[in-house]
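Trainee: Please take me closely through one part of this model. I should like to know which residues make the contact there, how the elements are oriented, and how that part fits into the rest.

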Amino acid sequence: MARSHRAGGASSPALSRRGVLQLGGSVALLLATGACAANSESKPRDGASGGPTAKALRIAVSSYLSSWDQDFVGFDLTALMLYKNVFPYLIDYGVTAAGDSQILDTQNVTPTFAESFEPDATQRVWTLKLRRGVKFASGNELTAADVKWSKDRAFAAQANVAGIYRTIGLTGPDQVKVVDDHTVEFHQAFPSALTRQIQAISLYVFDSTEAKKHATASDPWAKEWFAKNPPTGGYYNVAKATQGQEIELSANPGYPGPDPAKTPTIRISVVPAASNQRLQLQAGDIDIALGISQRDIQDLKKAPGIKVISAASNRQVTIQMSVTTAPFNDVNVRKALAHAVPYEQIINNVYGGDARAAKSPVPLDMPGYDAAGYPFTHDLDQAKAAMAAAGRSTVDSELVFESDNEEQQKIAVQVQSEAAKVGINLKLTPLDPATLGERRSKKNVPLQITSGQLWVNDVEYMLATSFVKGANLNYSNYSNPEIEKIYEQSHTTVDQAARGRLWKRVQEILAADVPWVVVCQPNFNLPVRDDVAGWVQPMDGLARLRYLTASA
Amino acid sequence: MRILRFVARRLLQLIPVLLGVIVLTFLLVRVLPGDPVRTILGQNATEADAAAARARFGLDQPLWRQFLDYLTGLVTGDFGTSIQSGAPVGAEMALRVGPTLELVVIAVTIALVVATVLGVWSARRAERPADHGIRVLALVGNSVPEFWLGLVLVLVGYSVLGWFPAPNGRVDPDTGLTPLTGADLVDAVLTGNGPAIASAAAYLVLPVLTLVIGVVAPLLRSVRASALEVLHSEPYAAAAAHGLPRRTLLYGYLMRATLVRLPSLAALVFGTAIGSTVLVEYVFSWQGFGQWALRGLLYRDYPVVQASVLVIALCYVLVFLIADVVHAILDPRVRI
């Protein structure tokens, strides 16, 4: 030991000074370069200090979109939100007031890039008339040929639009007919009250002249090109897209319809970590944070310079019980769980009181909602009575939820705790998206937490997606002959009063069968800088950016 | 010449290794529970839609057919089509590899320099306060999770001090950087874009620092241990006793012998750093290879998982090859 001290000590000064200086110099150089560079790029800070006069609105999102091609994309919420703003949607929802909030009005679908969209007397043939002189960024005019090509492409894709078109009796490209350069007809197999809403989310159009330049024999729909190149001609055009990092939108001055974009430039930056979105919002480097956790939102309500926009949402949190798998194949066990769930406690502990108690599987703001649809409250005595009626003192099950979903995890823990008091023993099972998807397709999940909102605000659509046999979101594997009959009947029932009667009966049946525990409807909360205004709550969860402004 | 022969031989050995990786990855990713197609279907999808999606990605074919198609694609440089995005995997990967490699190479290089200088310096002061201080610091650095460290650096460097840009990417988009390799600093230098160089450097500091702190400890400890061994060795004692100049002692006797073990450890650390980037990329919005591969795995995007594992394996093998060559150059006892 002593020897090593001497050896080291003998020659250390020469090495130590130089070595440490070299090292220190290198680190200092790196830090200085970084710091200088950081100071040199003062734009974001300027933007922050620019306040109300700053023209660019900065929005943080959690991920970059996976593709620009709406026909072939997976379930990507960032992408779907962007499409709403950059594709020319020929008709769109209007806006209405709901309390203090502005929300998209699903009962009022109006032409935007189109001139009109009206049915004939049979309500089977819908005629779309296009405005003249509407152009894509390429300079090509938007014509009936673009509509036809886009719909042909959607049917060929056999994906999102093709699936949703079935609901209104459109199953093949032959049903879309070009009448002249500015007129297209949609020939539905049956009349449907859903047509306007379905077309509001499906009638987006590609620049087919441009697309054909990039189509090849092996790729006739130019999939490869559209995956990488943003569409044009919507409320906004993509001025610049820095892969993985930022998308700059500029308002389309050629938009011919009502409510053009209020903010000329919007910069959408990708910030995956919620904590970083919060820091940037507080620093004024972003104006809107579209990916902040519930806990951060509660804290931000008190932060200076920030306000939290709260709007009623039709997102529903439910627990789907498999009616074909033990123990929930017994309706009394389902009722027991429905009475065991601590609704108020979840609303307070998970959502900080910022959620509405739901009284039906039909969302609160959906036309046809009836509070008789879910007559269950937290009542352990009734839960025990239901268990007794089932002839069971205890049952065991797993409770499945999404592995990266903090909200669902908290709900699961609280449900587990209360359910155990009535003899329902739940094993919490978090699953990753792919495993969850596979198990859902096999319909072998006895109990699972789900959360989401429907793209169309109508009970017929809800039945189509969630309650008829084989529906994609029918994880309960629920089936009821009367519901099936009502669903079939609803296709051709366009009278609103008659539809209302159907929906009332649907909710009576669901209240008796209890395929779901309806936990609550959380409000939508959006933290923004003080000077941001114009938020319109989308009923499909996909933000329309054209109403936003960065000044009060 | 001998080294070239060695390199050629090792490169040939790569073929069976990579073939093994290809087969194993192809099979294992399909054995994992999870259905990639279910994650891309819309609310109204039917079984027919699911079947159509499966056919679109060739997943309706028998396994052997899928494997043959995959192999044929690889030979022609086609990694397949991402199930999540519908875009070619090769093109997606090309955008993602550069940023991650830039991050890892810079971090590991800095960590190597820091570990070498501090490790030798510390060994020469063994058991003194400075030595203890460095060892404690290394231990702390090694114990802190990268995720947490990254968040703290963001909080201090960006939010409190305001020295560094917001963690929202890799370069200021307004610098108009033309992407060439995907490594923004390299691209900025290649295109002579001054503002982009400054911006990319600024964005690099905090994520690089996070990675350096995370990987420097094992390197430092190894260098220190090796240096102590050399300082205690007879050849070094003899050289010192003969009164050789300090510089000769340092570079001729201490440094070279000390660094012999470093290449193989550095190769291991390189692998660790690639793994660490998953979290670092998340914290710093880096949009690199790690996040891309992780998302591919979560959603069972078979072509993405297959391609990412293959590229990681290739990186590992090449880095270990380089380590072996450097080892051979540093250590005359090694025969290759």
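Mentor: In this predicted model, the part to examine is the meeting of α8(B) with α10(B). From α8(B), the residues in contact are B:Val223, B:Ser226, B:Ala227, B:Val230 and B:Leu231. Facing them from α10(B) are B:Leu254, B:Ala257 and B:Thr258. In chemical character, this contact comprises 6 nonpolar and 2 polar residues, with no charged residue.

The geometry can now be added. Two packed helices are described by the angle between their axes and the distance between the axes. Helix α8 of chain B covers residues 194–231 and helix α10 of chain B covers residues 246–258; their axes lie 8 Å apart and the packing angle is about 140°. Angles over 145 degrees would count as roughly antiparallel and those from 65 to 115 as roughly perpendicular, and the pair α8(B) and α10(B) is therefore classed as oblique. As to handedness, α8(B) and α10(B) cross in the right-handed sense.

Helix α8(B) also packs against α5 of chain B, residues 129–143, where the axes approach within 7 Å and cross at roughly 135°. This angle makes α5(B) oblique to α8(B). Here, however, the crossing is left-handed. On the α5(B) side the contact involves B:Ala138, B:Leu139, B:Gly141 and B:Asn142. On the α8(B) side it involves B:Ile213, B:Gly214, B:Val216, B:Ala217, B:Pro218, B:Leu220 and B:Arg221. Sorted by class, the contact of α5(B) with α8(B) holds 7 nonpolar, 3 polar and 1 charged residues.

These helices belong to a chain built without strands: chain B has 13 helices and 0 strands. Its C-alpha trace extends about 85 × 50 × 40 Å along the principal axes. Regarding confidence, chain B has a mean pLDDT of 89, with 99% of its residues at 70 or more. For the complex, the predictor reports an ipTM of 0.79 and a pTM of 0.81.

Both α8 and α10 of chain B also take part in the contact with chain A. That contact draws 67 residues from chain B and 78 residues from chain A. On the chain B side, at least two residues each are supplied by α2 (47–56), α4 (89–123), α6 (146–160), α8, α10 and α11 (262–283). Helix α4(B) provides the largest share of that side, namely 8 residues. By class, the side of chain B that touches chain A has 41 nonpolar, 16 polar and 10 charged residues.

The partner, chain A, contains sheets, two of which may be described here. In one, 4 strands in the order β4-β5-β7-β6 (chain A) form an open, antiparallel sheet. Strands β4 (114–119) and β6 (176–180) of chain A lie at its edges with a single partner strand each, so one side of each has no neighbour in the sheet. From one strand to the next, the twist averages 20°. Within this sheet, β5 (residues 125–130) and β7 (residues 183–187) of chain A are joined in the antiparallel sense by 5 bridges, and A:Val125 lies opposite A:His187 of β7(A). Helix α4 of chain A, residues 144–157, packs on the sheet and touches β5, β6 and β7 of chain A, with its direction at about 170° to that of β6(A).

The other sheet is open and mixed, with 3 strands in the order β2-β3-β20 (chain A). Its edges are β2 (91–98) and β20 (536–537) of chain A, each of which pairs on one side only. Strand β2(A) runs antiparallel to β3 of chain A, residues 101–111, and 8 bridges join the two. Among the paired residues, A:Thr96 has A:Ile103 as its bridge partner, while A:Val95 has A:Leu104. Strands β2(A) and β3(A) form a hairpin with 2 residues between them, and A:Gly99 in the turn adopts a positive phi of about 65°.

To return to the point of departure, α8(B) meets α10(B) in a right-handed crossing and α5(B) in a left-handed one.

Key:
Residues numbered from 1 in each chain as written. Chains lettered and ligands numbered in written order. Predicted model: local features only at pLDDT ≥ 70, side-chain atom pairs only at ≥ 80, totals over all residues. Pairing = 2+ DSSP bridges. Axes fitted to C-alpha atoms, helices over the stretch in contact; angles between N-to-C directions. Contact = placed C-beta atoms within 7 Å. pLDDT = per-residue confidence, 0-100. Parallel < 35°, antiparallel > 145°, perpendicular 65-115°, else oblique. Left-handed = near helix turned anticlockwise from the far one by under 90°. Nonpolar A, V, L, I, M, F, W, Y, C, P; charged D, E, K, R; others polar.
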